[in-house]
Amino acid sequence: IKDSKNWDSTQNLYIEGDNLEVLKLLQKSYYNKVKMIYIDPPYNTGNDFVYHDNYKDNLNNYLELTHQIKIENGETFKFSSNPETNGKYHSNWLNMMYPRLKLAKNLLSDKGVIFISIDDNEVNNLKKICDEIFGESNFICNFIRKNKSGSGHDSKNIAIEFDYVLCYSKSIENVTINQEPVNVESDSKYKFSDDYVKERGKYYLRDLDYKGSYSLKMDYPIKTPDGSMIYAGNKQGKPNTWRWSQEKFNWGIENDFIEFKNNNGWKVYIKQYQFVNNKNELFIRENPYRALINFSNAKGSSDFKDIIEGNVFQFPKPVNLIQLFQRIGADKNSIILDFFSGSATTAHSVMQLNSEDKGNRKFIMVQLPEKTDEKSEAFKADYKNICEIGKERIRRAGDKILEESEDQDLDVGFKVFKLDSSNLTK
């Protein structure tokens, strides 16, 4: 209770401890209940790896000592519990990730999705073990994130300005992936108005004439305002046809969804309105989200420093990046899990999005209490481990969000739990 905030009313959790052990403990209470998981695990760049598990014990619970994953070309990828086998650099990381992802899958609901940030060091290996654990058919996409720009690069050969976010579903048959609402009010193509503008919005004109799959049912004459008759493509027969059946066209005339124009010949158009569909029903226009995204590391740093001053945490993810994934893979009442919590960007983004759209999402943050280096800015600022940074960020971000929110009942609290022991050896 000591480090918690609003213990009696909050539904959010912050758990300190080795995430492998925490994931095991969460199985009973959260099995098949988590709608979205986001994790930003160590990229295995050579200096960011602190999860020194007992690999033999972990892997014996989930797979044979040497596990083979089949690749499309018939070859096999191998990783072993022996860190001297198949390259210690990759095998330690893979042996760490495999059991954690295996347990995480159990927590996902049948409609759930997981997003995993990664870079070139392990993206191919991560894809293989995710195909193994979640199934190749449950792969959703690989987001490519532009994360930096400009001349300040540490790349020796080619400037690398991107990393990745792998996305998998628990069940491709049941998953719910949201689409991106189109901001029709700022879309310049909706430029015409009529007597229905208050209810339907503005509209643009879409040609009723269609040159595509021919249908005899759609090939009928239309009477124009001067009494003449026209066919699609100005002649009866293939290849042109109308987009709407004659019955639908008559409905369009009666309800003012059809417009005629005469410019060296009559043309017939459908009125495509902003706020209603072609049945005159209220409608939110949506498009699939894009896999090519642009969220800079600099924005993540500025988000963090707006809450906690100083250079106490390196490379936090941007808040709006995690909000994007919530919009894609979660709903307003989802449980969202991050078991590599770090600076707690995910918790920050959940609270912020709840404030913006009146949601009731709940977060579960899990973080290993990795000690900060005694020479670091974090240690000098009295943050003795990463958990202290994450918890303080949630407290301050919650206060700021609540101060700026109209909803004073917004849940910006969290309950803190700590495991008694850890496998941390560093």
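Helix axes are lines fitted to C-alpha atoms over the stretch in contact, and the angle between two of them is taken between N-to-C directions, from 0 to 180 degrees. In this predicted model, helix 9 and helix 11 (residues 386–404) pack at about 15° with their axes 9 Å apart. Because angles under 35 degrees count as roughly parallel, helix 9 is roughly parallel to helix 11. The protein has 426 residues, with 11 helices and 20 strands.

**Overall composition**

- Buried residues make up 49% of the 426 residues of the protein.
- Among contacts with a separation of 6 or more, 73% are between residues 24 or more positions apart.
- The protein exposes an accessible surface of about 22000 Å², and carbon and sulfur atoms contribute 45% of that area.

**The sheet of 9 strands**

- An open sheet with mixed pairing arranges its 9 strands in the order 17-6-7-5-2-18-19-1-20.
- Its edges are formed by strand 17 (292–294) and strand 20 (415–418), each of which pairs on one side only.
- From one strand to the next, the twist of this sheet averages 20°.
- Strand 2 (residues 34–39) runs parallel to strand 5 (residues 108–118), and 5 bridges join the two.
- Within this pairing, tyrosine 38 stands opposite phenylalanine 115 of strand 5.
- Strand 2 also pairs with strand 18 in the parallel sense, here over 2 bridges, and isoleucine 37 stands opposite leucine 337 in strand 18.
- Strand 18 in turn runs parallel to strand 19, to which 4 bridges join it; isoleucine 335 stands opposite lysine 362 in strand 19.

**Side chains of strand 18**

- In a regular strand the side chains alternate between the two faces of the sheet.
- In strand 18, Ile335 and Leu337 point one way, whereas Ile336 and Asp338 point the other way.
- These four residues, the aspartate included, are all buried.

**Helix 9 and its surroundings**

- Helix 9 (residues 345–357) packs on the sheet of 9 strands, where it touches strand 2, strand 18 (335–338) and strand 19 (362–367).
- The direction of helix 9 makes about 170° with that of strand 19.
- The crossing of helix 9 and helix 11 is right-handed.
- Helix 9 contributes Thr345, Ala347, His348, Met351, Gln352 and Ser355 to the contact with helix 11.
- On the side of helix 11, the residues met are Arg393, Ile394, Ala397, Gly398 and Ile401.

**The sheet of 3 strands**

- Another open sheet has 3 strands in the order 9-15-14, with antiparallel pairing.
- Strand 9 (203–207) and strand 14 (258–262) each have a single partner strand, so one side of each is left without a neighbour in the sheet.
- The twist of this sheet averages 40° from one strand to the next.
- Strand 9 pairs with strand 15 (residues 266–273) over 5 bridges in the antiparallel sense.
- Aspartate 207 of strand 9 stands opposite tyrosine 269 in strand 15.
- Helix 6 (residues 246–254) lies across strand 14 and strand 15, and runs at about 85° to strand 14.

Key
Residues numbered from 1 in each chain as written. Predicted model: local features only at pLDDT ≥ 70, side-chain atom pairs only at ≥ 80, totals over all residues. Heavy atoms only, no water. Buried < 20%, exposed > 50% of the residue type's maximum accessible area, 1.4 Å probe, protein only. Contact = heavy atoms within 4.5 Å. Areas by Shrake-Rupley, 256 points an atom, 1.4 Å probe, with all protein chains shown as cover. Pairing = 2+ DSSP bridges. Parallel < 35°, antiparallel > 145°, perpendicular 65-115°, else oblique. Left-handed = near helix turned anticlockwise from the far one by under 90°.
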